[in-house]
Amino acid sequence: MATKKVTVTIPEDLLDEIRAKAAERGLSAYVAEALRSQRDRDRLRELADWLQEEHGPLAEDERAAALGELEELDAEHERRRAAGTRSSGEAA
């Protein structure tokens, strides 16, 4: 995959936290993952806005059910991320 070097300005305290968190995979990989995640959230927000325009707002029970499913997905992703981190750490 092609890459391009860019310059960004980040608050020093945030950068320190990110560097500590991203130590194994590297700052660039961590930032790229964060940017992809934000891009995906932006796209989902655009889709949600469009769906609401087309079909009207969600009922409260529909919203609560959707949020519950998102929480379950987030928990599963976190479990998989933790398992992947342990596995790669064990192999090293």
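Which residue meets Glu78 in a salt bridge? The partner is Arg81, and the two side chains come together at 3.1 Å, N to O. Keep that pair in mind. I will come back to helix H3 in a minute.

Morning, everyone. One thing before we go on: this is a predicted model. Let me take the pockets, then the surface, then the charges.

Pockets first. The largest pocket has a volume of about 1100 Å³. It is lined by 22 residues, and those closest to its centre are Leu44, Arg45, Ala48, Leu67 and Leu70. Where does the lining come from? Two helices each supply at least two residues: H2, residues 27-55, and H3, residues 60-91. Which one gives the most? That is H2, with 10 residues. Now the chemistry of this lining. We find 10 nonpolar residues, five polar ones and seven charged ones.

On to the second largest pocket. Its volume is about 500 Å³. Here 16 residues form the lining, and Lys4, Val6, Ser28, Val31 and Ala32 are the closest to the centre. Helix H2 gives the most again, this time with six residues. By class, the second lining has 10 nonpolar, three polar and three charged residues.

Next, the surface. Look at the start of the chain. Val6, Val8, Ile10 and Leu14 make a nonpolar surface patch of about 340 Å². We have met Val6 already, among the residues closest to the centre of the second largest pocket. Leu14 sits in helix H1, which covers residues 12-21. Is Leu14 buried or exposed? Neither; Leu14 is partly exposed, because its relative accessible area is 38%, and that value falls between the limits of 20% and 50%.

Pro11 is in the segment before H1. At 48% relative accessibility, Pro11 is partly exposed too. How far is Pro11 from Leu44 in space? The C-alpha atoms are 27 Å apart, with the two positions 33 residues apart in sequence numbering. Remember that Leu44 is one of the residues closest to the centre of the largest pocket.

Now the charges. Side chains of opposite charge can pair when their charged atoms come close. How many salt bridges does the model have? The count comes to six. I will show you three of them.

Start in helix H2. Arg45 forms a salt bridge with Asp49, and the closest N and O atoms are 3.5 Å apart. These residues are four apart in H2, so about one helical turn separates them. How open are they? Arg45 is exposed, at 52% relative accessible area. Asp49 is partly exposed, at 35%. Arg45 is also one of the residues closest to the centre of the largest pocket.

Now helix H3. Arg79 and Glu76 meet in a salt bridge of 2.8 Å, N to O. Both lie in H3, three residues apart, which is about one turn of the helix. Glu76 counts as partly exposed, with a relative accessibility of 26%. This pair does not stand alone, because Arg80 joins Glu76 and Arg79 in a network of salt bridges.

And back to my opening pair. Glu78 and Arg81 are both in helix H3, again three residues apart, about one turn. What is the relative accessibility of Glu78? It is 44%, so Glu78 counts as partly exposed. Arg81 comes out at 44% as well, and counts as partly exposed.

One last residue in this helix. Glu72 is in H3. Is Glu72 buried or exposed? Glu72 counts as exposed, because its relative accessibility is 58% and the limit for exposed is over 50%. Compare its position with Ala48. The two are 24 residues apart in sequence and 19 Å apart in space, C-alpha to C-alpha. Ala48, you will recall, is among the residues closest to the centre of the largest pocket.

So, to wrap up. H2 gives the most residues to the lining of the largest pocket, and also to that of the second largest. A nonpolar patch includes Leu14, a residue of H1. Helix H3 holds the pair Glu78 and Arg81, and also Arg79 and Glu76. That is the tour. Thank you.

Methods
Residues are numbered from 1 along each chain as its sequence is written. This is a predicted model: local features need pLDDT of at least 70, side-chain atom pairs count only at pLDDT 80 or more; totals for chains, interfaces and linings use all residues. Side-chain values use heavy atoms; hydrogens and water are left out. On a 1 Å grid over the protein atoms alone, a cavity is a set of points where a 1.4 Å probe fits but cannot get out, and a pocket is an open set with protein on both sides within 12 Å along at least five of seven lines; lining residues have an atom within 4 Å of a point. Grid points are joined across faces, edges and corners, and a volume is the space filled by probe spheres set on the points. Ala, Val, Leu, Ile, Met, Phe, Trp, Tyr, Cys and Pro count as nonpolar, Asp, Glu, Lys and Arg as charged, and the others, Gly among them, as polar. Buried means under 20% relative accessible area, exposed over 50%, partly exposed in between (1.4 Å probe, protein chains only). Patches are made of residues with over 30% relative accessible area and no salt bridge: like charges are joined within 9 Å, nonpolar side chains (Val, Leu, Ile, Met, Phe, Trp, Tyr) within 5 Å. Accessible areas come from the Shrake-Rupley method with a 1.4 Å probe; for residues, only the protein chains shown count as cover. A salt bridge is a side-chain nitrogen of Lys or Arg within 4 Å of a carboxyl oxygen of Asp or Glu.
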